[in-house]
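Here are a few short exercises to work through with the model open beside you. Try each task before reading its solution.

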Amino acid sequence: MTLPVLDSASEPTPAPVDDARRHLLDVSQQELTQWLVEQGQPAFRAKQIIHWVFQRRVTDFDQMSDLPKSLRQQLAESFRILVTRQSAATESSDGTDKLLVSLPDGGEVECVLLRDGTRRSICISSQVGCAMGCVFCASGLDGVDRNLTTGEILEQMLLLQSRLGEGERLSHIVMMGMGEPLANLDRVLGALDVARSSDGLGISPRRITISTVGLPPAIDRLANSGVPYNLAVSLHAPNDELRSELVPINQKIGIDAVLDAADRYFDSSGRRLTFEYVLLGDVNDSDESARQLVKLLRHRRVLLNVIPYNPVTGLPYVTPSKRSIANFRQILESGGVNVKFRQRKGSDIDAACGQLRRNRASSEK
Ligand code: SF4
């Protein structure tokens, strides 16, 4: 499909790559406060600046009308607010918007806004590409290029927030776009600190979900952060043999270690765990797979999200048949597993992660 490339005249102009000014969104509130104090300014100005960017959505220091003019000038000389550019956008008939975001070094990531009733959820990327190599995923096909910075993660949130109409309010954040968030944990946590702060986006951690293939040491670090984010573990298979095929990183970890770490997270956070299971036709959708899943999950307080696969161009996997979906569901429900079957939203706009970036790249070749 042809992707509409947005009129760059309507977009904030990104600073050139050799611009020496710091990215404001990469600077923590503490660092900003310290910088302000060094300029002879009161510490409370940091909150004012953050409020202008995240609540009032301004993209130019000059618009921060309650700051002294001289400070606005100093800020503009030392920092840039935005460094990314929205290079393409698609809107689905079901209310899903998907953006392709260009980074200052030429890399690209995707992020998505999903509308469901009054709920407005955004799905955010944490890395350029992904090293986990899940065999059915477009994002991992070319490996990982680099981690996103805290500011680049926050800019995706701002870009999506700016698409909301009157009366719409951002309600949920899901770190489930391109990349493995726990492989870039410090920067992801830095961005989520701002997302949940009342001067930032003001989203409760109970409405923020971090998705992972299951990296036990990082899950433990997340638990130690003491903030009760929701944890979603992508399982995709009920035994090590199949999981190691579908999620290659599993060869080094194993399902038992992933489940143990998830249990520890539940014990320390008190948040119900979610497990994700992409259902691939004739691969992991057998009755036996469903029975093995029941054994793994029935004694745990979890929600299992089963997502019938969306085919990705160039990959051999197919959507499961209606019959196998019904059988799979029946076995899980009668086994006492709390299960939800989800339809991927935005299926008419390449909403599976990494598809927009790949499709655009191949259309440009
Ligand atoms: S499904 Fe997620 S973890 Fe797996 S390769 Fe894709 S982006 Fe990475």
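**Exercise 1: a strand and its surroundings**

Task: Work out why strand β6 (residues 119-123) is largely enclosed by the rest of the structure.

Solution: Start from the cut-off, keeping in mind that this is a predicted model: a residue counts as buried when its relative accessible area is under 20%. By that criterion, 4 of the 5 residues of β6 are buried, so the strand is largely enclosed by the rest of the structure. For context, 56% of the 365 residues of the protein count as buried.

**Exercise 2: the partners of β6**

Task: Find how many bridges join β6 to strand β5 (residues 108-116) and how many join β6 to strand β9 (residues 172-175), and give the direction of each pairing.

Solution: Take β5 to begin with. It runs antiparallel to β6, and 5 bridges join the two. Within this pairing, V112 stands opposite C123 in β6. The hairpin of β5 and β6 has 2 residues between the strands, and G117 takes a positive phi near 60° there.

Now turn to β9. Here 3 bridges make the connection, and β6 and β9 run parallel. I122 stands opposite I173 in β9.

**Exercise 3: around the ligand**

Task: Sort the shell around the ligand by residue class.

Solution: List the surrounding residues, among them C130, M132, G133, C134 and C137. S139, G140, G177, G179 and V213 also surround the ligand. Sorting the shell by class gives 5 nonpolar and 5 polar residues, with no charged ones.

Conventions. Residues numbered from 1 in each chain as written. Predicted model: local features only at pLDDT ≥ 70, side-chain atom pairs only at ≥ 80, totals over all residues. Heavy atoms only, no water. Near = heavy atom within 4 Å. Nonpolar A, V, L, I, M, F, W, Y, C, P; charged D, E, K, R; others polar. Buried < 20%, exposed > 50% of the residue type's maximum accessible area, 1.4 Å probe, protein only. Pairing = 2+ DSSP bridges.
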